[in-house]
Amino acid sequence: MELNIKELSNGIRIVHQEVTHTRLVHCGFILDIGSRDETKEQEGLAHFWEHMAFKGTKKRKTFHILNRLESLGGELNAYTTKEKICFYASTLKEHYAKSAELLYDITFNSVFPEKQIEKERQVILEEMAMYRDSPDDAIQDELDEMVFENHAMGRNILGTEATVGSFSQQDFFDFISSRLDTSKLIFSVVGNIPFKKALRAIEGQLTQIQPKRSLYVRSNFTSYSPKTKIQEREVTQSLCAIGRPAFSLYHPSRFKFYLLNNILGGPSMNSRLNLMLREKHGYVYSIESSYQPFSDVGFFGVYFGTEEKTLKKAQALVLKEMNRLVVKKLGTVQLHMAKEQAIGQMAMAEENYAALMLVYGKSLLDHNKIDPLESIFEQIRCTTAEELQEIAVEIFNPEELTFLTYKPN
């Protein structure tokens, strides 16, 4: 399937891929702005902006925004991460022009009505309370704070009660004005629509936007020190989170570490952590390790819950499985199977066209190109057992890991 990329005179780029065997079109704006781009006083503002985009534009009120696509069977959505804000939609192909126009409107013409700010402030405070009441979410956020201590990468995307309670209409306009850069903004389209038709619906509007360059530069995370913390919480089982910084988006070993993490604790039931802690010992219902690369640093984490009496044994087994990858090189058959599994998972992910649309936008922002999936497969196929062992030695050093435990009080 051919990939089309067009850059407009203001720096905004449009990426498109036609998929003829679907009735849908997925499209969205991906902005290279996230929670790490806030000052401490602005903590939670990017996420608040994501909410407020649906609360009124120069020509639409909330109801008209929410009803525009939903009444046609489409979906309108958004999310905020540490480095990105995305506004996106999925509709039948005949409604693509409506979804593109609506996304343009909420991305560039939001007016942040004061009354809606007050209302949405309460919604976000409820969202924060919901996450606090979910220890599985809370422990992940707190581990971020410990690993990225005293840095914007460690701050909660939702913000704090104090910051969320302080934002005014002008704060949104100021934040967008200082952070928006038209050269770091992508409109991505994947679905059953030709490139010319996809352009026709959005190009005219996008060319009206004046070129804008932001002077803002992200502050890199540079100083990490491992920590250990045990807290008593209102939980029925002990929860454990283990993590540390890892490779960035630009590190040459990032796909190799993706493969190694998949072997250790990826989503498949045959991951080493799942086989050892769930299948062999029955200590956990679920356990997973994750790897998230960012622009200047990455994050590696392991999460599980277990009965208090088996906590130490479970922790020891996690470290033992990491150490196995440090001291013992993968055999030829093991390595081949691990590669095939990772490649198969990536290939299946490509069948999710809504997710693929967002991946294209993020890849273009982060790398100024979109690598064909086959080239990523080739990097995985070329990975040697020696390389994986070297990465394991570097990342799975127990003295460099941060430990956070919630125990029943």
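Here are three short exercises with worked solutions on the predicted model above.

Residues are numbered from 1 along each chain as its sequence is written, and side-chain values use heavy atoms, with hydrogens and water left out. As this is a predicted model, local features need pLDDT of at least 70 and side-chain atom pairs count only at pLDDT 80 or more, while totals for chains, interfaces and linings use all residues.

**Exercise 1. Overall dimensions**

Task: Find out how the radius of gyration of the chain compares with that of a compact globule.

Solution:
- Start with the rule: 2.2 Å times the number of residues to the power 0.38, with the radius taken over C-alpha atoms.
- For 409 residues this gives a value near 22 Å; the chain has 22 Å, so the two agree.
- Next, look at the extent: the C-alpha trace spans about 60 × 50 × 40 Å along its principal axes.
- Finally, check burial: 55% of the 409 residues are buried (under 20% relative accessible area, 1.4 Å probe, protein chains only).

**Exercise 2. The six-stranded sheet**

Task: Work out the strand order of the open sheet and locate the helices that pack on it.

Solution:
- Take helices (H or I, at least four residues) and strands (E, at least two) as DSSP runs, numbered from the N terminus; the chain has 15 helices and eleven strands.
- Two strands pair if DSSP finds at least two bridges between them. The order is then β1-β2-β6-β3-β5-β4, with mixed pairing.
- The edges are β1 (3–7) and β4 (75–80), each of which pairs on one side only.
- Inside the sheet, β3 (residues 24–31) and β6 (residues 185–191) run antiparallel and are joined by seven bridges. Val25, for instance, has Gly191 in β6 as its bridge partner.
- Now add a helix: α3 (residues 96–108) lies across β3, β4, β5 and β6, at about 15° to β3. Axes are lines fitted to C-alpha atoms, for helices over the stretch in contact, and angles run from 0 to 180 degrees between N-to-C directions.
- Helix α2 (residues 62–70) also packs on the sheet, touching β4 and β5 (85–92), and its direction makes about 120° with that of β4.

**Exercise 3. The nonpolar cores**

Task: Identify the residues that touch the most other members of the largest nonpolar core.

Solution:
- Define a core as buried Ala, Val, Leu, Ile, Met, Phe, Trp, Tyr and Cys residues joined through side-chain atoms within 4.5 Å.
- The largest has 48 residues, and Trp49, Tyr96, Phe187 and Leu206 touch the most other members.
- Helix α3 gives the most to this core, with six residues.
- Beyond its neighbours within four places in sequence, Tyr96 has contacts (heavy atoms within 4.5 Å) that include Val25, Phe187 and Val189.
- A second, separate core has 44 residues, among them Val318, Leu388, Ile391 and Phe396.

Notes. Buried means under 20% relative accessible area, exposed over 50%, partly exposed in between (1.4 Å probe, protein chains only).
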